Amino acid sequence: MKKIVVAITAASYSGNKGAAAMLQSSIVQLHKKYGEQLKINLMSVYPEEDKEQLPHKFIDIVSCKPEQLLFIAFPLAILYKGLGWIPGMRALLKKNKIIKAYTETDLVVDEAGISFVDSRGFVMNTYAFVCAAVPMLVGTPVVKYSQAMGTFKNPYNRFLAKWILPKISLICARGQGTYDNLAGIGITKNVKLCADGAFTMEDSESWNQAVDEVCRKDSFYNENVIGLSISSVVEKKCDKLNIDYKNNMIQLVNYLNEQGYPVLLIANAARIHSQKPRNNDLMVGDEIYAGAANKEMVRWYHKEMDAEEIRAYIAKCRFLIASRFHAMIGALEKQVPVLLIGWSHKYQEVLDMFHLGQYAIDFSKLDLDLLKEEFAKFVKDENEIREKLETYHQEVMDSSALNIKYISEILDEKIKKN
């Protein structure tokens, strides 16, 4: 039988485990539908690390680092589009592995968690544009897995978005905020509202058993454990405002310990062989753990966990205080009450699906007194929060499953035409 080839871009197994959760979610669901026909080309920004972490044999890794995409593949794709009529030109251009992979692909799934956002700046918005433009220039349709987009007040970001987003076959808007942002610049015809794809990542029985075993052997784990998802991204944003993120987190850990809560530090993005902070919370986690006054009441695992392992640990918590978006998704999926320290509408629009948008703290207001105040309200409302998590859980899970439903419809139509 002819292979059905899907390329996935702007995601990886290594580094950001939110991206890994989206990958696992989409790949497992696609494989259930297409079986042995399915082949995945993972256009990876961390090709060496991803090769070590591949969970499925039907995935091929294609090195697609930002500099390769921006400075080599993008110009070649323009040549492919504009000069492809010249005999032998396309064959020559296909010697580039990125171009070759996209020309042999039925559909590209862009799994950036967030794109075309004013605050992301010139470089990241250009990268988001090129991720979609390269496959489209060589004739391969692109869909966007559920993600946050907008606002579009910045002229450059607005120009890029209005130029390319209408040409994308499907945009899965991750929440009402994103949907409204897109509608505000006239993009509605190709937009569907779908909850984050990571909600439908399946649990791993082996990781659940392994985490159960760790927790059985360690008296630290009781019914009052609080997970604290720390973030190098929020730390960087705090630095720009002269807010000491690390010290605030250290003080928060100490305060929670004094109130009798054991604290589990969670790195939802980790690159064990890197000392760079991008997609890597290990360094900030090390410093927060080092500053904790009572280390017997803190657990910190300096390692790169699988997305399923992280979610298994979150399920052991009474509460999660999260600075990482997909740690929040893991808590909501496991119906663990979550208090957010965030920086974008991407948090708010997902919490709003559970009618819990009031439990989000803007990082720009971060200080210990505010954290204490918001945590006290959060604990007081625990029963109400749990009721809402239960009430809206299935609705959100069904919305998440729509990602692959809509993507499969486009893929099936493309296959019929071939």
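1. Let's start with a pairing in the sheet region around strand E3 (residues 38–44): the bridge partner of Val6 in E3 is Ile40. Val6 belongs to strand E1, and E1 and E3 run parallel, joined by six bridges. Please keep in mind as you read that this is a predicted model.

2. E1 has another parallel partner, strand E5 (residues 107–110), to which four bridges join it. Here Ala7 stands opposite Val108. Strand E1 itself covers residues 4–9, and six of its six residues are buried. If you look at the two faces in turn, Ile4, Val6 and Ile8 lie on one side, with Val5, Ala7 and Thr9 on the other, and both faces are covered.

3. Now for the chain as a whole. Its secondary structure comes to 17 helices and 16 strands. The radius of gyration is 22 Å, close to the 22 Å that the globule rule gives for 418 residues, so the chain is as compact as a globular protein of that length. Along its principal axes, the C-alpha trace spans about 75 × 45 × 40 Å. Buried residues account for 57% of the 418 residues. Of the contacts between residues at least 6 apart in sequence, 72% join residues at least 24 apart.

4. Another sheet deserves a look. Six strands make it up, in the order E13-E11-E10-E14-E15-E16, and this sheet is open, with parallel pairing. Strands E13 (298–300) and E16 (360–362) stand at its edges; each has a single partner strand, so one side of each is left without a neighbour in the sheet. On average, neighbouring strands here are turned by 20 degrees against each other, direction ignored.

5. Within that sheet, strand E10 (residues 226–230) and strand E14 (residues 319–322) run parallel and are joined by four bridges. One pair to find on your screen is Gly227 with its bridge partner in E14, Leu320. Helix H14 (residues 325–333) lies across E10, E14 and strand E15 (338–342), running at about 160 degrees to E14.

6. A word on the nonpolar interior. In soluble globular proteins, nonpolar side chains tend to be buried together. The largest nonpolar core in this model has 109 residues, of which Met249, Met328 and Phe375 touch the most other members. Setting aside neighbours within four places in sequence, Phe375 is in contact with Ile226, Tyr255, Leu256, Tyr261, Phe319, Ile321 and Leu339. There is also a second, separate core of 41 residues, which includes Ala133, Ile168, Ile171 and Leu182.

7. Turning to charged side chains, the structure holds 26 salt bridges. Which residue does Glu304 meet in a salt bridge? The partner is Lys17, at 2.9 Å from N to O. Glu304 lies in the loop between E13 and helix H13 (307–314), while Lys17 lies in helix H1 (residues 17–34), so the pair ties together parts that are 287 residues apart in sequence. Is Lys17 buried or exposed? With a relative accessible area of 2%, Lys17 falls under the 20% cut-off and therefore counts as buried.

8. Helix H1 takes part in another long-range link. Lys32 forms a salt bridge with Glu202, with the closest N and O atoms 2.3 Å apart. Lys32 lies in H1 and Glu202 in the loop between strand E9 (191–193) and helix H9 (205–217), so this pair ties together parts that are 170 residues apart in sequence. Lys32 is exposed, with a relative accessible area of 60%, whereas Glu202 counts as partly exposed at 42%.

9. For a local salt bridge, have a look at H9. The side chains of Arg216 and Glu213 meet there at 2.4 Å, N to O. Both residues lie in the helix, three residues apart, about one turn. Arg216 counts as exposed at 60% relative accessibility, and Glu213 as partly exposed at 33%.

10. One last item for your session with the viewer is a salt-bridge network. Which residues does it link? The members are Asp203, Arg311, Glu333 and Lys334.

Methods
Residues are numbered from 1 along each chain as its sequence is written. This is a predicted model: local features need pLDDT of at least 70, side-chain atom pairs count only at pLDDT 80 or more; totals for chains, interfaces and linings use all residues. Side-chain values use heavy atoms; hydrogens and water are left out. A nonpolar core is a set of buried Ala, Val, Leu, Ile, Met, Phe, Trp, Tyr and Cys residues joined through side-chain atoms within 4.5 Å. Buried means under 20% relative accessible area, exposed over 50%, partly exposed in between (1.4 Å probe, protein chains only). Contact means heavy atoms within 4.5 Å. Two strands pair if DSSP finds at least two bridges between them. Axes are lines fitted to C-alpha atoms, for helices over the stretch in contact, and angles run from 0 to 180 degrees between N-to-C directions. A salt bridge is a side-chain nitrogen of Lys or Arg within 4 Å of a carboxyl oxygen of Asp or Glu. The radius of gyration is taken over C-alpha atoms; the globule rule is 2.2 Å times the number of residues to the power 0.38.
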